[in-house]
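Here's a quick walk through a protein model, written for someone who'd rather be at the bench. Have a look at the fold, then read on.

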Amino acid sequence: GTYEVRFVLEAEAARLAASRRSHHQLEAIERALEALRGALLSNAPAHDEDWILHRTIVEATANAAFLLVFDHLHEEVMRILRAGVDISRSRPPEVIGAMMEEHDAIVEAIRAEDADGAALAMRWHLSQGRKRLMP
């Protein structure tokens, strides 16, 4: 259920972030991406960093209503992120690599102000994430 909402909310948030983000917001997104990379490459839990990156993208829409809805999903999204990282860690290292590449693609599109590219990259990441959670 939550994934269906995230597809709509986060793909559109990524689209808006690509066209609206300020210089400071882009820097915050880049920092969050690097923090996630550090967490994923170590054995530290990475769900907080994952949440922060997704939330920073939502913040860059400059639309408080997006943030309100996203924060409302916090508990459910955190459960998904935690499971996603745990499952990926139990699989070959390429799986964590793929997860990182998906986040890189989203941020790359936002950096390039490519709205359609950002929405597509986010949809791809969420659909891959949903697949990773399936046995």
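What follows goes from the overall fold to two helices and then to a few loop residues.

First, the ground rules. This is a predicted model, so local features need pLDDT of at least 70 and side-chain atom pairs count only at pLDDT 80 or more, while totals for chains, interfaces and linings use all residues. Residues are numbered from 1 along each chain as its sequence is written, and side-chain values use heavy atoms, with hydrogens and water left out.

**Overall fold**

You're looking at 7 helices and 0 strands, so the order from the N terminus is simply α-α-α-α-α-α-α (helices, H or I, are DSSP runs of at least four residues, and strands, E, of at least two, numbered from the N terminus). The C-alpha trace spans about 40 × 30 × 20 Å along its principal axes. For 135 residues, a compact globule would have a radius of gyration near 14 Å, and the protein agrees, because it has 14 Å. That radius is taken over C-alpha atoms, and the globule rule is 2.2 Å times the number of residues to the power 0.38.

Buried residues make up 46% of the 135; buried means under 20% relative accessible area, exposed over 50%, and partly exposed in between, with a 1.4 Å probe and protein chains only. Of the contacts (heavy atoms within 4.5 Å) with a separation of 6 or more, 76% come from residues 24 or more positions apart.

On the outside, the accessible surface comes to about 7000 Å², and 58% of that belongs to carbon and sulfur atoms (Shrake-Rupley method, 1.4 Å probe; for residues, only the protein chains shown count as cover). As for charge, there are 16 positive and 22 negative side chains, with the centres of the two sets 3 Å apart. Lys and Arg count as positive and Asp and Glu as negative, leaving out His and the chain ends; each charge is placed at NZ of Lys, CZ of Arg, CG of Asp or CD of Glu.

**Two helices, α1 and α6**

The expected span here is 1.5 Å times one less than the number of residues.

| Helix | Residues in helix | Expected span | End C-alpha distance |
|---|---|---|---|
| α1 | 19 residues | 27 Å | 26 Å |
| α6 | 18 residues | 26 Å | 25 Å |

Which helices help cover the buried residues of α1? The cover includes α3, α4, α5, α6 and α7. Among the residues buried in α1 are Y3, F7, L9 and L16, along with R6 and E10.

In α6, the buried set includes V95, I96, M99 and M100, and also E102 and H103. These buried α6 residues pack against α1, α2, α3, α5 and α7.

**Loop residues worth a look**

L73 sits in the loop between α4 and α5, and is buried because its relative accessible area is 15%. Leaving out residues up to four places away in sequence, L73 touches T2, V5 and L9. With V5, the C-alpha atoms are 9.3 Å apart although the two residues are 68 apart in sequence.

Now for backbone angles. Most residues other than glycine have a negative phi. A62, in the loop between α3 and α4, has a positive phi of about 60 degrees though it isn't a glycine. E113, just after α6, takes a positive phi of about 55 degrees and belongs to the loop between α6 and α7. Are these two buried or exposed? A62 is exposed because its relative accessibility is 62%, and E113 is exposed too, at 52% relative accessible area.
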